[in-house]
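Hi,

Here is the structure I said I would pass on. Have a look at it first, and my notes follow underneath.

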Amino acid sequence: MLDIRRLRLLHELKVRGTLASVATALNFSPSSVSQQLALLEKEVGVPLLRKTGRRVTLTPQAEILVEHAAGILDAMERAEAGLAESLITVTGTVRLAVFQSAALALMPDALTILGRDYPEVRIEMTQREPETALYETWARDFDLVIAEQYPGHAAPRHPGLDRVQLTTDAIHLAVPAGELGGGEVRSIADTASRAWVMEPRGAASRHWAEQACRQAGFEPDVRYETADLQAQIRLIESGNAVGLMPELVWTGRTPTVRLLDLPGRPRRTIFTSVREAGSQRPAILACREVLERTARLVSSV
């Protein structure tokens, strides 16, 4: 009989790439991971790992085991969901990954409703960029992710993750208000000589913003990079930059910059994603239901 815990370690090595990463993710020491995988090799009677420089790679036999291990882990998650579904009370912990503007706009009200309607559900929320969070949810670091997708820019797809649309919001050109130098801007083309603030390279919003500028006929002068939208707003408010802002960031507050429509009035899509194996867990269903309710409230404001 193969040890499921050791199979999981082999699966984690496939997902994360290094023994050190597996050890960090599971709170083990690298030597413990190596020892457990060595025991798994003895159990199956064939080599599972081979040294490649300073790293280890999986043998073809290990790849076969990993494929079966993934199915076993999914079956265990479905079994846990079925057990939770049989209980009268909705209970359990949901590890949630969310990007900043959704955390600001949706989560305060959502957490209040969850605390009132589902007091036995514990939410552990972490801010993550959507591309990273989707991968980490597939890797079982999170149970639920709130992610985004920009027009014409597909968010990463991972096997076994579903996708349910939550809401959409408009994307605007944000320029300084009043006498701070934004009054003469009428379109994105008028910002060709301006300093821009954008998220760091690799973010979907950064790629989309650069493409929007290029379609308007210029290469943006990106002098400031930050993933913090509040910092972006301050740079625009103070007259030091222009940028692109999703509407959701202004939820519950009056815009402090001048917002201009973009050609075609593009909208960002916000969605939730979970592993299909755990999608019917009552705590997950409760979170999604409350998030959908909160998104409707925000959209109606």
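**The annotated N-terminal stretch**

UniProt, in an unreviewed entry, lists residues 2–59 as "domain: HTH lysR-type". Before you go further with it, keep in mind that this is a predicted model. In the model, residues 2–59 are 62% helix and 14% strand, and the C-alpha atoms at the two ends of that span sit 18 Å apart.

**Two helices to look at**

Inside that part of the chain I went through one helix pair, H1 (residues 4–16) and H2 (residues 19–26). Their axes are 9 Å apart and the packing angle is about 115°. The crossing of H1 past H2 is right-handed. On the H1 side, the contact is made by Arg8, Leu9, Glu12, Leu13 and Arg16, while H2 brings in Leu19, Ser21, Val22, Ala25 and Leu26. What kinds of residues make up this contact of H1 with H2? Six are nonpolar, three are charged and one is polar.

**The whole protein**

Zooming out, the protein has 301 residues, and 45% of them count as buried. You'll find 10 helices and 11 strands in it. The C-alpha trace spans about 75 × 55 × 30 Å along its principal axes. As for the accessible surface, it comes to about 15,100 Å², with carbon and sulfur atoms accounting for 52%.

One last number, on contacts: taking those between residues at least 6 apart in sequence, 73% join residues at least 24 apart.

Cheers

Notes. Residues are numbered from 1 along each chain as its sequence is written. This is a predicted model: local features need pLDDT of at least 70, side-chain atom pairs count only at pLDDT 80 or more; totals for chains, interfaces and linings use all residues. Side-chain values use heavy atoms; hydrogens and water are left out. Axes are lines fitted to C-alpha atoms, for helices over the stretch in contact, and angles run from 0 to 180 degrees between N-to-C directions. Helices (H or I, at least four residues) and strands (E, at least two) are DSSP runs, numbered from the N terminus. A crossing is left-handed if the near helix is turned anticlockwise from the far one by less than a right angle, and right-handed if clockwise. Contact means heavy atoms within 4.5 Å. Ala, Val, Leu, Ile, Met, Phe, Trp, Tyr, Cys and Pro count as nonpolar, Asp, Glu, Lys and Arg as charged, and the others, Gly among them, as polar. Buried means under 20% relative accessible area, exposed over 50%, partly exposed in between (1.4 Å probe, protein chains only). Accessible areas come from the Shrake-Rupley method with a 1.4 Å probe; for residues, only the protein chains shown count as cover. UniProt positions are given in the numbering used here, feature names are shortened, and annotations may be inferred rather than shown by experiment.
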